[in-house]
Amino acid sequence: AEDDALRGRRALAPQWTTLAERFRDGGWRTAAFATHRAWISREFGLDQGFEHFDSDWRTAQENHARLLEWLDRERPERAFVFLHDFDAHSDGSDPGCLPYEAPAELVE
């Protein structure tokens, strides 16, 4: 089912420069923490520019803990961090599922 939902989706083309790459190239530490590994994934090139990329099925609380662990461990002087929580879109009963069906035009 997860593979079916992702089929036909396009990845970020490597020639595009991301905001994370700009920050990284400017000397900032870059990290991403996401709670939806199907859509926020390396497969779609969304790790481009992030030194640390952590995406998995977990709650926002767990995701925030991972971010705080990274900050404690790395102690970056300057950091660009992408923090994505999927909890607002789901009732939590089935990781990765939305509690609604989006209209086809929004999915595209």
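Biologist: Why is β1 described as largely enclosed by the rest of the structure?
Modeller: Because five of the six residues of β1 are buried (under 20% relative accessible area, with over 50% being exposed and partly exposed in between; 1.4 Å probe, protein chains only). Strands here are DSSP runs of E, at least two residues long, numbered from the N terminus. This is a predicted model, where local features need pLDDT of at least 70, side-chain atom pairs need 80 or more, and totals for chains, interfaces and linings use all residues. Residues count from 1 along each chain as its sequence is written, and side-chain values use heavy atoms, leaving out hydrogens and water.

Biologist: Okay, what order do the strands take in the sheet?
Modeller: β2-β1-β3, in an open sheet of three strands with parallel pairing (pairing takes at least two DSSP bridges). β2 (52–55) and β3 (79–84) are the edge strands, each pairing on one side only.

Biologist: How many bridges join β1 to β2?
Modeller: Four, with β1 covering residues 29–34. Ala 32 faces Phe 53 of β2 there.

Biologist: And how many bridges between β1 and β3?
Modeller: Six, also in the parallel sense. On that side, Phe 33 sits opposite Leu 83 of β3.

Biologist: New topic: which residues make up the largest nonpolar core?
Modeller: Seven of them: Ala 20, Ala 32, Ala 34, Ile 40, Phe 50, Phe 53 and Phe 80. Such a core joins buried Ala, Val, Leu, Ile, Met, Phe, Trp, Tyr and Cys through side-chain atoms within 4.5 Å.

Biologist: What does Phe 53 touch?
Modeller: Skipping residues up to four places away in sequence, Phe 53 touches Ala 32, Ile 40, Ser 41, Arg 42, Leu 46 and Asp 47 (heavy atoms within 4.5 Å).
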